[in-house]
Amino acid sequence: AQDAADTSRTDSVAPPPEAAAPPSRALLLALTERPRVAGTSGSEWGAQLVARVLADAGWDVERDERVVLLSLPRRLEAAAFDAEGRELFRRVERYDPDAAPPGELPPCLAWSASGTARGPVVDAGRGMRADFEALVAAGVELEGTIALARYGGCYRGVKAAMAQEFGCAGLALYSASEDDGPDRGASWPNGPWKSPDHVQRGSILPISNTPGDPSTPGWPSPAPGEDARRVTEFERDAALPNIVAQPIPLREARAVLEHLDGAGPGPVELELTVDQPRDFRRIVNVVARLAGDGDGLVVVGNHRDAWVRGAHDAGGGTVALMRAAQRLAERRADGWSPRGEVVLAFWDAEETGLVGSTEWVEAHADQLTRRLIAYVNADAAVTGPHFNSASGSPGFERVLADALTPIAATDRANQLERWRALRGADPRVRFAGSGSDYTAFLHHLCLPVLDIGFGGNAGGQYHTRFDDFAVVDRFLDPGFVGHERAAQLIEELVVRLDAEGRAAFDEAACCDALAELARSTAFLGEARAERLARGFESLAEVLRAAPNALDGRMIAALAAPDGLPGRPWFRNALWAPGLETGYAPESFPALAAAARGGDDALDAALAAQLAALRALEERAMTAAIDAERDDDQPDDATGR
C-alpha cells in the first residue's frame, strides 16, 4: 500500500488563461505528467518530450544511450514490534520497473542490499560518525541493531556507510518535523511542508569515492549492443553498500521512537525487507548542439530523471534549460551566432548516483579537456523569483555579475543588486562539493564549473511524491517568474562565456579564494596555512599581470594525476567532496590525507604543493612573455 497522505495526485490545478501563463508553466505541466525514474519507460518518455522541444527550437538533437547498472525495487516491507512482540505497524509496497506507463516509485534507497534485517532499534541521531561513536562510548552494543537516523548533516550514503561500519544490520532514515515537516509550517496539501506520511527517497551510492555506473569506474559505459568492459561482480558488490536500508515516514519513526528510552537499543524491534536487484538497464542523455566556427565549447546541463515526477528536482532546471534553448534560438534568428559550440545536456540517472553525466564526461574526456570553456549546471534550480545560489569554481564572479545585470528583480533594479543585497557587496562563487552533475567536470577532469539557483521560497517536497506541478505552481514559484528568470540567466551566461572563451574564468580570483580557504583550514595549523595562502596570492599576482596565461586550466594544472589517496577517480587536489559529508566540500584533500600520516608527511606534501605553485608562476610568466613576443611580430614576412 502506498503512504496514505501520498495518494492524492497533485497536478490537478487548472492552468491560468493562456495569455497570462508564461511558457515555462506549460512545459512543467507537461514534464510532470508521468514519473521519470531512470531505467523505466517514464524516463524514456521524458527523453522524447525534451528532444521534441529542442528540435522544434532548431537545435541539433542526439540521444546518448548507455547500458548501466541501476538499482530499482520490486518489493519493500517495513514492520515494527513492541516488547511483547505486538505489531506496531506494517507497510508492504511493490513496484514494477518495467511497467508502461510507469507507476510511482515507492519510498526506497537505491543501492540498498537485498534481504531482511530485524533487530532492536537504536536512535543514531543524524547517523554521522560522531553519533555512532557517542553510542559506542556509552557502552551500546551496535552489532545486529537497526539504526534509526534522521536526514540532514551529510549525504544519506554516508549514513549507510557509518551504520555498516559500526556493525548495524539495517538502517532506517526519516525526516524530522523541525527539518522540513509540520514544525516548519502547513504541510501538504495545505502548505509546502512534508506531512508525517511523506517520505524522502534517494540513493546511497558512495559518490564521494566513485560516482557513476559502479560497473565501469573510471571509463564510459557502453552503448546498447557494444562490447562492455566491466569490473567483476565481486569487485562491483564490494564497492556497493551491503546493508539493508529504507526510508520510513515520520509517522512510523515516531511509533518507534516513543518506545525508546535512553541511549541504548530499546525494547522495540524493526524489520526491514528489501527486494531490489542490481540490473543492467538503458539510460538516455539528450544532447542538443548549436555549432559555431570556433573550437570553444560551452556545456550547460541538468538531469531529466526524477524519483517520481520531480517538479522541483529537477523539473525547475529542466524547464529553465528548455526555455533557454528557445530563447537562444530566438536570439540566433535575430542575428546572434555562437563563436564556438554550445551544448545543452539533459542527463539521465543523476538521482541514482550522477550516472548519465559521469559516463558522458568519461566518454568525451579528451575533447572536454581540450575545448571546454565552462560547464554550467542548473539542477533543482528554482524555488522562487530571486537569484540566490552560485557555487562551483570561484573565478566566475565577473561573468555572473554581467549576466545578472539585465535580469529584472521585483524589489531591486536587477538580480545583481538583489544578489549583492543578499550576499554582500562582493558575493563569491562558493566551492562546490558534489551531489549534482558538475561533479565529473570539476573533480574528475578538473575543469571550471558554475552551479546556479533561484530561491525565495521553500518546502519539504524533496524526493517525495508531492514534488509535483501543484507544489511549484502554488507555493514555490507562483507565476513562474523564477523559471523564466533562470532561463534568461542561462541564455546570458551562454552568450558571455562563448564570447569571452577561457578568459571568462578569472584564475587570479580563484587563487584569491583558495588563499582564503587555506587560512581557514584548521588541520594545516596557522603557520602552514599562511605559507599556502601566500603561495596562492603570489600566483594570483602573476595572473593579474598576465590574465589567462594558464588558459583557464589552473585547477587541472594542480590536479593529482593519480587521483586522491584512496579514491583515484577524484583528481581535484584543491577541494573535493568530503568523505563523511558527501555533498559539502573538503579543503585540500591531498594535504588532508598526508596530515593523517603525521607532521612530517604533511610538511612534505605542503612543500610539494608550494613547489607546484611556483612552477605555475614560472609557466604563467613564460606564457605572458611569449604572448607579448607574438604580438610584436610583423603580420607576414614582408613586415607589414
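# Exercises on a predicted protein chain

Of the 640 residues of the protein chain, 59% count as buried. The model is a predicted one. The exercises below move from the whole chain to single residues.

## Exercise 1. The chain as a whole

Describe the secondary structure, the extent and the compactness of the protein chain.

*Solution.*

Step 1. The protein chain contains 21 helices and 19 strands.

Step 2. Its radius of gyration is 25 Å, close to the 26 Å that the globule rule gives for 640 residues, so the chain is as compact as a globular protein of that length.

Step 3. Along its principal axes, the C-alpha trace spans about 100 × 70 × 55 Å.

Step 4. Among contacts with a separation of 6 or more, 79% join residues 24 or more positions apart.

## Exercise 2. Surface and charge

State how much area the protein chain exposes, what share carbon and sulfur atoms supply, and how many positive and negative side chains there are.

*Solution.*

Step 1. The exposed area is about 23,600 Å², and carbon and sulfur atoms supply 48% of it.

Step 2. The count of charged side chains gives 65 positive and 97 negative.

Step 3. The centres of these two sets lie 2 Å apart.

## Exercise 3. Cis peptide bonds

Consider the peptide bonds from Ala100 to Pro101 and from Asp313 to Ala314. Determine whether each is cis or trans, and locate Pro101 and Ala314.

*Solution.*

Step 1. The reference point is that most peptide bonds are trans.

Step 2. Between Ala100 and Pro101 the bond is cis, with omega near 0°. Pro101 is found in the loop between β3 (87-94) and β4 (109-110).

Step 3. The bond from Asp313 to Ala314 is also cis, with omega near 5°. Ala314 is placed in the loop between β12 (297-303) and α8 (315-333).

## Exercise 4. The phi angles of Ala349 and Cys446

Give the sign of phi for Ala349 and Cys446, and decide whether each residue is buried or exposed.

*Solution.*

Step 1. Most residues other than glycine have a negative phi.

Step 2. Ala349 has a positive phi of about 60° although it is not a glycine. This residue lies in the loop between β13 (341-347) and α9 (350-353).

Step 3. For Cys446, phi is near 60°, again a positive value in a residue other than glycine. The loop that holds Cys446 runs between α14 (439-444) and β17 (449-455).

Step 4. Buried means under 20% relative accessible area. Ala349 has a relative accessible area of 0%, so it is buried. Cys446, with 2%, is therefore buried as well.

## Exercise 5. The surroundings of Gly152

Locate Gly152, classify its exposure and name its contacts beyond four places in sequence.

*Solution.*

Step 1. Gly152 lies in the loop between β6 (146-150) and α4 (156-165).

Step 2. Its relative accessible area is 25%, so Gly152 is partly exposed.

Step 3. Leaving aside neighbours within four places in sequence, Gly152 is in contact with Arg126 and Lys159.

Step 4. The C-alpha atoms of Gly152 and Gly125 are separated by 9.9 Å, and the two residues are 27 residues apart along the chain.

## Exercise 6. A covered helix

How many residues of helix α12 (residues 397-404) are buried, and which elements do they pack against?

*Solution.*

Step 1. Helix α12 is mostly covered, with six of its eight residues buried.

Step 2. These are Glu397, Val399, Leu400, Ala401, Ala403 and Leu404.

Step 3. The buried residues of α12 pack against two strands, β15 (386-392) and β17, and against the helices α13 (415-423), α16 (481-500) and α17 (507-519).

Definitions and conventions
Residues are numbered from 1 along each chain as its sequence is written. This is a predicted model: local features need pLDDT of at least 70, side-chain atom pairs count only at pLDDT 80 or more; totals for chains, interfaces and linings use all residues. Side-chain values use heavy atoms; hydrogens and water are left out. Helices (H or I, at least four residues) and strands (E, at least two) are DSSP runs, numbered from the N terminus. Buried means under 20% relative accessible area, exposed over 50%, partly exposed in between (1.4 Å probe, protein chains only). Contact means heavy atoms within 4.5 Å. The radius of gyration is taken over C-alpha atoms; the globule rule is 2.2 Å times the number of residues to the power 0.38. Accessible areas come from the Shrake-Rupley method with a 1.4 Å probe; for residues, only the protein chains shown count as cover. Lys and Arg count as positive and Asp and Glu as negative; His and the chain ends are not counted. The place of a charge is taken as NZ of Lys, CZ of Arg, CG of Asp or CD of Glu.
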